[in-house]
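Q: I am new to this structure and would like a close look at a single part of it, followed outward to whatever surrounds it. Please take your time and explain each step.

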Amino acid sequence: MLDLELTLLNCYQRNFPLEPLPFHVLARELGTSPERVLRTLAVLKARRIVSRIGATFRPNTVGASLLGALAVPEDRLEAVAEMVSGYPEITHNYEREHRYNLWFVATAADEERLAAVTREIEVRARLPLLELPLLEDYHIDLGFNLAADGARLRHPSRRPLPPHPHRVDLDGPARVLVEGLQRGLPLIERPYAALGEAAGMGEEAAITRLRDWLAGGVIQRLGVIVHHHELGYRANAMVVWDVPEAELPKAVAALLAWDFVTLCYRRPRRPPEWPYNLFCMIHGRDRNRVLERVGLLAESGLDRFPHEVLFSRRRFKQREAPRLDLETTDG
């Protein structure tokens, strides 16, 4: 990978310039031309290393989302996975190593549509659905340090996220902004001008709205969104823990100390089928690296809590969040 490619990927997964000429800002910082920056990003997109330049929104601030799981007999798994992936509201759909072997994320414009989709999936799958809505998010940042892949303490003082902001009521222009960021900024000289024009609000107003969302915690990260699998992170596991509520703060602090923990959040237990309430995600270049990192977490004091490691086996679907004005569909 060329030095410029690596720098763009490693340094701008967050804190992308919110200025009228963002690629000029990058060019000045990197000692090159805006045209070369744009050309390099276009090549990285064509190679499917870069998904988009856009925003990740804090869960349930725009629209509604849910993590769901099904225990699917092996001979039906592909058919059920295809059915689930057929819904535009499904953004991620993975096979994982567990009795609950099909895991998906559903995102919809509102709770009513989300409930309708999950009900349909349960009926069509002819299987009980394990519904695990987000209760509390502590850390959400699928950024990857490509310059080093060691298991190191990078954030020993990292703290959980601030209280969850209220859900944003999106007017027409704001909805267009969200959808534009989900698709990705166009690789042109003034991308925010194009975004603002599409929303009928102009460049300056669009930038101001995005700055407000960033400051308010609605936007979690603005920057280069990468395809981690294509960058060599071919193993990932969702690690789930059964932690007494009184001990959650210490357990969360132990998880957040490690830079390889990219997601950390609390979801409800569903006894007796599902006793776990604390979730984290770990990525690595291979299975052994992920297991090494799980071991480091255990040594941090988490080994006293029952837990399971659910490796991803197959990726049936991974895409950005759908449009927020989707009409009802039967998939």
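A: What follows is a close look at strand S1 and its surroundings, with a few other places in the chain added for context.

The model is a predicted one, and its chain has 10 helices and 11 strands. Of the 331 residues, 52% count as buried. Among the contacts in the chain with a separation of 6 or more, 79% are between residues 24 or more positions apart, and strand S1 offers several examples of residues that lie far apart in sequence and yet come together.

Strand S1 covers residues 50-57, and its residue Phe-57 pairs with Trp-213, which belongs to helix H8 (residues 203-215), so the pair ties together parts that are 156 residues apart in sequence. The ring centres of Phe-57 and Trp-213 are 6.1 Å apart and the ring planes meet at 70 degrees, so this pair is edge-to-face, since planes over 60 degrees apart are given that name. Both partners, Phe-57 and Trp-213, are buried. This pair belongs to a count of 8 aromatic pairs.

Within the same strand lies Gly-54, which is buried at 0% relative accessibility. Once the neighbours within four places in sequence are left aside, Gly-54 is in contact with Leu-181, Arg-221, Leu-222, Gly-223 and Ile-225. The C-alpha atom of Gly-54 is also 9.5 Å from that of Pro-186, a residue 132 places away along the chain.

Directly after Phe-57 in the numbering comes Arg-58, which is found in the loop between S1 and S2. Arg-58 is an arginine with a relative accessible area of 3%, and it therefore counts as buried, the limit being under 20%. The C-alpha atoms of Arg-58 and Val-218 are separated by 5.5 Å, although the two residues are 160 residues apart along the chain.

On the other side of S1, in the loop between H3 and S1, is Arg-48. Arg-48 is partly exposed, with a relative accessible area of 46%, whereas Arg-58 is buried. The phi of Arg-48 is near 60 degrees, a positive value in a residue other than glycine. Most residues other than glycine have a negative phi. Arg-126 likewise has a positive phi near 60 degrees; it lies in the loop between H5 and strand S5 (130-132) and, at 61% relative accessibility, counts as exposed.

Strand S1 is also one of the elements against which the buried residues of helix H2 pack, the others being helix H1 (3-11), helix H3 (34-46) and helix H7 (191-199). In H2, which spans residues 22-30, the residues Pro-22, Phe-23, Val-25, Leu-26 and Ala-27 are buried. Just after H2, Gly-31 takes a positive phi of about 70 degrees.

Beyond S1 and its first loop, the view passes to helix H4 (residues 77-85), where Leu-77, Val-80, Ala-81, Met-83, Val-84 and Ser-85 are buried. These residues pack against strand S2 (64-70), strand S3 (90-96), strand S4 (102-108), helix H5 (111-125) and strand S11 (307-318). Two of those strands, S3 and S11, pair in the antiparallel sense over 5 bridges, with Glu-95 having Arg-314 as its bridge partner in S11. Strand S11 is also joined by 5 bridges to strand S8 (residues 235-241), again antiparallel, and here Val-240 has Glu-308 as its bridge partner.

Aromatic rings appear elsewhere too, for ring pairs link Tyr-100, Trp-103, Tyr-265, Trp-274, Tyr-276 and Phe-279 into a cluster. One member of that cluster, Phe-279, has Arg-267 over its face, at 5.9 Å from the ring centre. In a similar arrangement, Arg-96 lies over the face of Tyr-94, at 5.4 Å from the ring centre.

A last point concerns the cysteines, for a search of the whole structure finds 0 disulfides. The sulfur of Cys-280 has its closest cysteine sulfur in Cys-264, at 6.3 Å, which is too far for a bond, because a disulfide requires sulfur atoms within 2.5 Å. Cys-280 is buried, with a relative accessible area of 0%, while Cys-11 is partly exposed at 48%.

Note on methods. Residues numbered from 1 in each chain as written. Predicted model: local features only at pLDDT ≥ 70, side-chain atom pairs only at ≥ 80, totals over all residues. Heavy atoms only, no water. Phe/Tyr/Trp six-rings, centres within 6.5 Å; stacked < 30°, edge-to-face > 60°. Helix = DSSP H or I, 4+ residues; strand = E, 2+ residues; numbered from the N terminus. Buried < 20%, exposed > 50% of the residue type's maximum accessible area, 1.4 Å probe, protein only. Lys NZ or Arg CZ within 6 Å of the ring centre and 35° of its normal. Contact = heavy atoms within 4.5 Å. Pairing = 2+ DSSP bridges.
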